[in-house]
There are 2 protein chains.
Amino acid sequence: MLKCRPIYFNNWISVMRVSKYLLSTQKETPADAEVISHQLMLRAGMIRRNASGLYSWLPTGLRVLRKVEAIVREEMNKAGSVEILMPMVQPADLWVETGRFEKFGPELLRFQDRHNRDFVLGPTHEEVITDIVRKEVNSYKQLPLNLFQIQTKFRDEVRPRFGVMRSREFLMKDAYSFHLDQETMDETYETMFQAYNNILTRLGLAFRPVMADTGSIGGSMSHEFHVLANSGEDLIAYSTESDYAANIEKAEAPMPTETRQAPALEMSLVNTPKAKTIAELVEHHGIAIEKTVKTLIVKGATEETPLVALVVRGDHELNEVKAEKIPAVLAPFEFADEADIRKAVGAGPGSIGPVGLEIPVYIDHGVKVMSDFGAGANQDDKHYFGINWERDLPEAEAFDLRNIIEGEASPCGQGTIALLRGIEVGHIFQLGKNYSEAMNANVLDHNGKAQTLLMGCYGVGVSRMVAAAIEQNHDDRGITWPDAIAPFRVGILPMNMHKSHRVKDMAEKLYQDMQDAGFEVLFDDRKERAGVMFADMELVGLPHVVVIGDRNIDNGVFEYKNRRTGEKQEIPFDQIIDFLKSAK
Amino acid sequence: MLKCRPIYFNNWISVMRVSKYLLSTQKETPADAEVISHQLMLRAGMIRRNASGLYSWLPTGLRVLRKVEAIVREEMNKAGSVEILMPMVQPADLWVETGRFEKFGPELLRFQDRHNRDFVLGPTHEEVITDIVRKEVNSYKQLPLNLFQIQTKFRDEVRPRFGVMRSREFLMKDAYSFHLDQETMDETYETMFQAYNNILTRLGLAFRPVMADTGSIGGSMSHEFHVLANSGEDLIAYSTESDYAANIEKAEAPMPTETRQAPALEMSLVNTPKAKTIAELVEHHGIAIEKTVKTLIVKGATEETPLVALVVRGDHELNEVKAEKIPAVLAPFEFADEADIRKAVGAGPGSIGPVGLEIPVYIDHGVKVMSDFGAGANQDDKHYFGINWERDLPEAEAFDLRNIIEGEASPCGQGTIALLRGIEVGHIFQLGKNYSEAMNANVLDHNGKAQTLLMGCYGVGVSRMVAAAIEQNHDDRGITWPDAIAPFRVGILPMNMHKSHRVKDMAEKLYQDMQDAGFEVLFDDRKERAGVMFADMELVGLPHVVVIGDRNIDNGVFEYKNRRTGEKQEIPFDQIIDFLKSAK
């Protein structure tokens with residue numbers, strides 16, 4: 001006899017008694033946890049640290065992780081991506097083929113097996129999937145193809161931190177698509193873009209898709225998906241009047257609208273012993289910040305130019321991602337050491353400027369239109385004031401080198417820029433032929449001619465999403481989960497159950513009724529004080545809590561408390577199931 | 001509004017068109033695949049090899065893997081085990097605590113991270129779980145506790161083979177229970193025993209739980225669960241008249257019922273140039289095999305006794321697992337090198353015997369009651385005949401050193417022994433205090449006194465189960481899946497759909513109807529010849545196939561074929577859904 005429901009129906013257990021569970025809550029905030037999600041995940045007993053950047057997921061945490069995973073899987077399936085599973089341990093020779101065995105930093109954990117063959121612990125799977133596809137796919141008829149996996153990854157972070165937000169071992173959904181033409185590439189990219197929107201919407205999180213830099217993975221087009229949170233590490237620049245949104249790394253600063261004024265001042269050398277920073281220069285010497293520049297010495301890309309100077313206006317911030325796109329600048333971007341600067345320039349970082357500098361100078365567009373400005377004189381404790389291009393120093397090549405600022409014109413042409421903080425939880429890329437060319441992955445087209453595959457890749461940080469959800473959803477008592485990813489949707493909290501038979505009977509009955517109605521319920525049947533049980537429920541963050549005490553039984557009503565709103569309500573016994581069904 | 005179904009309901013996609021899938025079947029049997037499951041998994045496109053012992057699961061294979069995983073998870077949940085997830089990368093210091101960092105062989109992959117700290121890739125998690133429990137569990141009130149995970153493991157096998165049957169990376173369910181007393185330990189062990197029976201029953205596999213040796217993991221009690229298959233590596237000895245069943249490694253051979261006869265012959269030295277084996281000795285010298293012994297030289301446990309001799313009757317087989325329990329024998333068991341034997345004994349392995357042997361001799365119980373027997377003379381090409389204990393050589397200490405034989409009395413006292421071949425897919429152990437003592441894992445008992453925890457561990461080879469299921473369920477055309485773990489339960493096979501609109505419409509309608517009825521269906525909508533499509537369906541092994549051709553539309557019936565029985569039936573259009581619901 002066929003079971004009509006898929007076997008996955010009952011895969012998950014939906015109800016649990018705390019007495020049979022491992023609910024390892026703790027009151028104290030762990031000293032080594034810097035961010036709120038890390039603190040709350042430890043306090044709520046969701047995770048435990050096994051070593052630096054390595055965590056075990058305890059039952060409450062794993063439930064959330066699996067729910068996120070399930071939603072990601074469903075949306076990937078719906079979007080037509082087909083699930084596979086690749087190994088975590090990968091042969092190094094594939095990484096040698098693409099050159100990443102050398103190029104990838106020490107985050108790539110390399111090791112040898114018992115036969116001294118080289119392997120890596122996979123931080124990503126472009127090489128493995130391209131190897132599979134070049135062997136299995138030979139004809140355009142098999143394309144486009146979109147494959148995904150949900151799998152444990154490893155990155156040997158130099159300083160793992162923030163709990164599972166930046167751990168070494170983490171759970172990721174990575175998808176890869178293969179195409180003969182740009183048209184289906186664009187279609188799949190759009191489908192994935194939509195799938196990511198669906199995932200984050202279903203998770204119940206406030207989020208924003210933003211244009212992103214393609215970074216070291218390469219390729220032509222890229223979007224990040226950010227969960228919005230004040231604690232986010234990333235800044236998002238968005239337009240107040242259009243759907244433009246970009247990571248600040250990527251957001252184009254507007255070109256200056258003004259033209260350069262003719263020089264009005266002579267250049268003068270000024271003693272500035274108290275001015276190590278722009279702020280101090282402005283404070284002690286009465287110069288307008290818009291009339292100052294910052295000169296930053298960074299590592300160069302070649303031996304001939306080991307150092308490069310980058311100049312932005314005093315009130316602007318250098319954008320490292322934009323800077324590393326200048327061919328003369330080392331990628332990944334790195335500031336020069338103070339000793340090297342002193343040796344090359346003859347002064348410390350507080351007194352550097354473009355006048356008479358013997359190393360290549362690149363300036364921001366905004367610096368190009370400045371006149372009569374101040375800058376370090378390349379002598380300790382001295383600045384030049386009244387500097388002018390062409391007259392006092394040769395004009396330098398200009399680039400977009402700075403972060404866009406709140407209130408500036410949006411690059412899209414509509415509205416002005418506002419800023420938000422976000423946590424990157426998803427990233428989609430068009431990779432072009434970066435990997436397929438290096439690995440010789442091609443198929444025969446309609447004319448029987450070999451064509452190199454176009455490739456896209458699409459990542460979701462599944463474990464990171466759990467931490468990001470908490471950064472967005474918490475208060476001073478604990479986590480305030482959205483219903484979709486709460487470890488349990490409802491908590492039952494009986495008062496003095498171990499003394500009152502009436503309370504015990506009613507709590508057990510409610511537990512059974514809710515089980516029958518298909519709820520996910522955590523029943524706190526411990527012999528603990530009500531205060532402890534309340535605090536645990538709020539810390540763990542179950543969205544809906546039903547309290548049962550002797551007084552309730554006298555009155556025929558349950559006490560209901562909504563975790564997110566804090567709202568309390570009395571609900572007659574016979575209405576509790578219906579009430580909870582529609583509770584939000 | 002509450003979704004009453006758990007979100008896991010729709011987690012899995014149940015229907016698929018082959019044109020949108022990655023169905024990488026192949027006709028040729030891959031040369032390097034030795035066993036049938038490995039061959040069929042490659043041919044059916046279930047797995048692909050990435051490196052020695054490392055496989056990717058392609059869509060068809062992953063579906064089966066996930067189904068096995070889901071059944072295992074459900075039964076573990078039902079049995080009251082609580083799911084967690086530990087990291088794959090484990091800090092070495094925990095392994096140092098139990099001494100296994102040194103003792104574990106090269107199967108334990110050891111490596112250093114970027115800060116030169118030692119780590120291992122987890123082949124098992126006793127250390128990590130014991131570390132978690134000693135930190136989280138302090139009181140008897142939290143016990144008993146049973147935790148499980150379903151997680152990727154790594155064992156650096158010296159010679160990975162048989163595909164996912166003995167791969168280096170594999171998916172395992174491992175559970176660990178913790179107890180204050182033997183009573184709850186026994187209860188949980190019994191519950192796990194039952195859960196394993198339930199798992200294998202639900203998977204639809206013929207299996208047998210057997211008593212097992214505890215091996216290097218240690219402990220007092222242990223059962224293995226074997227999927228029965230002629231190709232199985234393990235021999236199971238079971239009673240024809242009781243539920244006794246044991247791995248042959250563990251099954252006690254019966255004590256001899258006869259007593260030793262008085263010597264009747266003089267001992268004589270005989271030239272036996274053609275007798276390198278017992279069979280040759282019997283053939284060329286007319287001695288009964290029961291009157292011969294085999295003397296095997298193995299490595300000893302200490303420097304003082306680097307070699308040890310083990311003697312079993314000529315028609316018996318040495319049991320290595322029993323042998324390594326003798327304190328003087330090295331564990332793990334290893335035969336001595338021929339050079340070392342020759343140096344110590346003065347003869348090659350074909351001419352060794354207990355008479356005048358200068359190294360420690362241990363004999364099987366069956367050898368102790370022999371008289372007038374033949375054995376090697378410790379000179380090349382010579383044997384002694386007519387040997388008698390006490391008269392010709394000192395009596396040696398006797399142990400159970402041999403395999404039990406089909407037809408012998410069952411150790412349980414009821415019935416005789418028969419043999420079956422099996423593939424070990426599950427193993428449960430009572431570990432006692434092996435790990436908890438070494439790692440100082442204790443809790444306060446009712447009297448506030450610290451007690452060392454008792455521990456059990458329970459493993460299922462999830463990925464291995466897939467291969468074992470195929471070893472048991474296949475024919476010369478491919479895999480014959482049980483319904484519960486088939487990648488899809490039903491296949492739709494339209495003939496000439498790309499030429500006949502009627503066939504296409506009917507096939508699409510059936511695909512939609514079956515989807516609405518909740519079936520898992522694979523719809524072969526490729527432009528392939530019917531023969532290719534039939535062969536693929538049979539290779540991949542879908543249990544139920546519905547064929548649609550123009551002839552069928554004329555007659556109003558589908559053609560149904562049962563993969564396991566080969567039975568064909570015509571089913572009227574309007575009855576197909578009901579028919580398939582109850583099809584087995």
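## Helix packing, sheets and symmetry in a two-chain model

In strand β19 of chain A, the residue that bridges to Phe373(A) is Ile387(A). The model in which this pair is found is a predicted one, and the description below begins with the sheet around that bridge before turning to the helices, the loops and the relation between the chains.

### The three-stranded sheets

The bridge between Phe373(A) and Ile387(A) belongs to the pairing of β18(A) with β19(A), the latter covering residues 382-387, and these two strands run antiparallel over three bridges. Both strands are part of an open sheet of three strands in chain A, whose order is β14-β19-β18 and whose pairing is antiparallel. The edges of this sheet are formed by β14 (268-271) and β18 (373-376) of chain A, each of which pairs on one side only. From one strand to the next, the twist averages 30°.

Chain B has an open sheet of three strands in the order β14-β19-β18, again with antiparallel pairing. Its edge strands are β14 (268-271) and β18 (373-376) of chain B, and each of them has a pairing partner on one side only. Averaged over this sheet, and with direction ignored, neighbouring strands are turned by 30° against each other. On the β14 side, β14(B) and β19(B), the latter made of residues 382-387, pair in the antiparallel sense over four bridges. Within β19(B), Tyr384(B) is the bridge partner of Leu269(B).

### Helices that cross

Two packed helices are described by the angle between their axes and the distance between the axes. The table gives these values for three helix pairs.

| Helix pair | Axes come within | Crossing angle, roughly |
|---|---|---|
| α2(B) and α12(B) | 9 Å | 115° |
| α2(B) and α6(B) | 9 Å | 145° |
| α1(A) and α12(A) | 8 Å | 105° |

In chain B, helix α2 (residues 59-78) and helix α12 (residues 462-472) cross at roughly 115°, which makes α2(B) roughly perpendicular to α12(B). The crossing of α2(B) past α12(B) is right-handed. On the α2(B) side the meeting residues are Val64(B), Leu65(B), Val68(B) and Glu69(B), and on the α12(B) side they are Val462(B), Ser463(B), Met465(B) and Val466(B). By class, the residues of this contact between α2(B) and α12(B) comprise six nonpolar, one polar and one charged.

Helix α2(B) also packs with helix α6 (residues 182-203) of chain B, their axes crossing at roughly 145°. Here too α2(B) passes its partner, α6(B), in a right-handed crossing. From α2(B) the contact draws on Val68(B), Ile71(B), Val72(B), Glu74(B), Glu75(B), Met76(B) and Lys78(B), while α6(B) contributes Met192(B), Ala195(B), Tyr196(B), Asn198(B), Ile199(B), Arg202(B) and Leu203(B). The contact of α2(B) with α6(B) has nine nonpolar, one polar and four charged residues. Val68(B) is named in the contact with α12(B) and also in the contact with α6(B).

In chain A, helix α1 (residues 36-43) and helix α12 (residues 462-472) have axes that cross at roughly 105°, and α1(A) and α12(A) are therefore roughly perpendicular to each other. Ile36(A), Ser37(A), Leu40(A) and Met41(A) of α1(A) meet Val466(A), Ala467(A), Ile470(A) and Glu471(A) of α12(A). This contact of α1(A) with α12(A) is made up of six nonpolar, one polar and one charged residues.

### Backbone details in the loops

The peptide bond that leads from Leu143(A) to Pro144(A) is cis, with omega near -5°, and Pro144(A) is located in the loop between α5 (126-136) and β8 (145-154) of chain A. In chain B, Ala331(B) and Pro332(B) are joined by a cis peptide bond whose omega is about 0°; Pro332(B) lies in the loop between α8 (320-323) and α9 (338-345) of chain B. Another backbone detail concerns Asn116(A), a residue other than glycine whose phi is positive, near 60°. Asn116(A) is placed in the loop between β6 (109-112) and β7 (118-121) of chain A.

### How the two chains are related

Chain A is superposed on chain B by a rotation of 180° with 0.0 Å of shift along its axis, and the RMSD is 0.1 Å. That is the relation of a two-fold axis. Of the interface residues of chain A, 100% are also interface residues in chain B, so the copies meet through the same surface.

Conventions:
Residues numbered from 1 in each chain as written. Chains lettered and ligands numbered in written order. Predicted model: local features only at pLDDT ≥ 70, side-chain atom pairs only at ≥ 80, totals over all residues. Heavy atoms only, no water. Axes fitted to C-alpha atoms, helices over the stretch in contact; angles between N-to-C directions. Parallel < 35°, antiparallel > 145°, perpendicular 65-115°, else oblique. Left-handed = near helix turned anticlockwise from the far one by under 90°. Contact = heavy atoms within 4.5 Å. Nonpolar A, V, L, I, M, F, W, Y, C, P; charged D, E, K, R; others polar. Pairing = 2+ DSSP bridges. Least-squares fit on C-alpha atoms with pLDDT ≥ 70 in both.
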